[in-house]
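I opened the notebook to log a few lookups on strands, pairing and surface charge. Entries follow in the order I made them.

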Amino acid sequence: MNIFKEMALSVYNFKDYKEFLKNKKSKVFLFSVVVMLVYFLIKIVAPFLMLNGAGLSSAIRENVPDFKLENGVLQVDEVIQVDDGDICIWIDTNPEEVFFGAEDMAQYYYGYSSVLLMDSEKLLVQSNSSGMQEFYFSEWDGASFSKEDLMDFVPSIYFLIGIVLVICYIVMTALFFFGVLFVALMGMIVASCMKYQLTFGQLYLLGVYSRVLPLLIKALVSFLPFSIPYFWVINFGISVVILGLAIKGMKDSLLQQQNEFGSSGNMTWMQ
């Protein structure tokens, strides 16, 4: 049975989970890698492509105003102001408009999660993890940078994004295997309550397949414009329920075989 067929069966055919127990560890590992790749493409890569559909170069050309940093002085053709009560961005390089220092400006932007203020001579930054910080362009060793330089840097940006995506995939896959460990531990409790004996290794293998449907739901939920409270509990809860249904299916199948064997034995004795 190929991986994609198993992936489909794991979503709706819980009674036949016993067939997955016949798979070798190498196939289960490959299955996990492919499942996480599909999840990663839906949750991370697809939104990135939608946001960057026209290409990074086009996005920079259309949305980033002409700017130039030279000899410690920044020049931006447009005034940029964004303020939604939580994030504030204000860029104004008119020589007559100069922001006060970090200590003075911090009091005006207390309560904002992120603040970015730029005038012709300095950069003021504030985030949740730190207070207002001040950086003067004149301290950047005569750095020179412009919009054209940013455009030339786009290939390197794509390369860096690629590296970050690969690292994210590896980390997410590692967390997947750790999550299956939790599902298997819960599966031991379920199997004990249902009085059906399975080894931890078998429960871990079944746990891998039980994560397919919850991961698919998790990927689709990420597109919603709102978050669901304690969704991680619901997500793992679905896996545990699937594991319970799989164990019930195996137990029912075993009882059916015992009944058939018993009936066959009785008929043989009567003959």
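In which helix is Asp104 found? I looked it up: Asp104 sits in helix 4, which covers residues 102-106. I note that the model is a predicted one.

**Entry: surface charge.** I checked how open Asp104 is. Its relative accessibility is 39%, so I logged Asp104 as partly exposed, because that class lies between under 20% for buried and over 50% for exposed. I then looked for charged patches. Asp104 joins Glu103, Glu134 and Glu139 in a negative surface patch.

**Entry: the open sheet.** I traced a sheet of three strands. The sheet is open, its order is 2-1-8, and the pairing is antiparallel. At its edges I found strand 2 (73-76) and strand 8 (145-146), each of which pairs on one side only. Next I took strand 1, residues 67-70: two bridges join it to strand 8, and the two run antiparallel. I picked out one contact here: Lys68 has Ser146 of strand 8 as its bridge partner.

**Entry: strands 5, 6 and 7.** How many residues lie between strand 5 and strand 6 in their hairpin? I found three. Strand 5 (residues 114-118) and strand 6 (residues 122-127) are antiparallel and joined by four bridges. Across this pair, I see Met118 opposite Leu123 of strand 6.

I followed strand 6 onward. Strand 6 also pairs with strand 7 (residues 130-136), in the antiparallel sense, over five bridges. Which residue of strand 7 is the bridge partner of Lys122? I logged Tyr136.

How values were computed. Residues numbered from 1 in each chain as written. Predicted model: local features only at pLDDT ≥ 70, side-chain atom pairs only at ≥ 80, totals over all residues. Heavy atoms only, no water. Patch = residues over 30% accessible without salt bridge, like charges linked within 9 Å, V, L, I, M, F, W, Y side chains within 5 Å. Areas by Shrake-Rupley, 256 points an atom, 1.4 Å probe, with all protein chains shown as cover. Salt bridge = Lys/Arg side-chain N within 4 Å of Asp/Glu carboxyl O. Lys, Arg positive; Asp, Glu negative; His and termini not counted. Charge placed at Lys NZ, Arg CZ, Asp CG, Glu CD. Buried < 20%, exposed > 50% of the residue type's maximum accessible area, 1.4 Å probe, protein only. Pairing = 2+ DSSP bridges.
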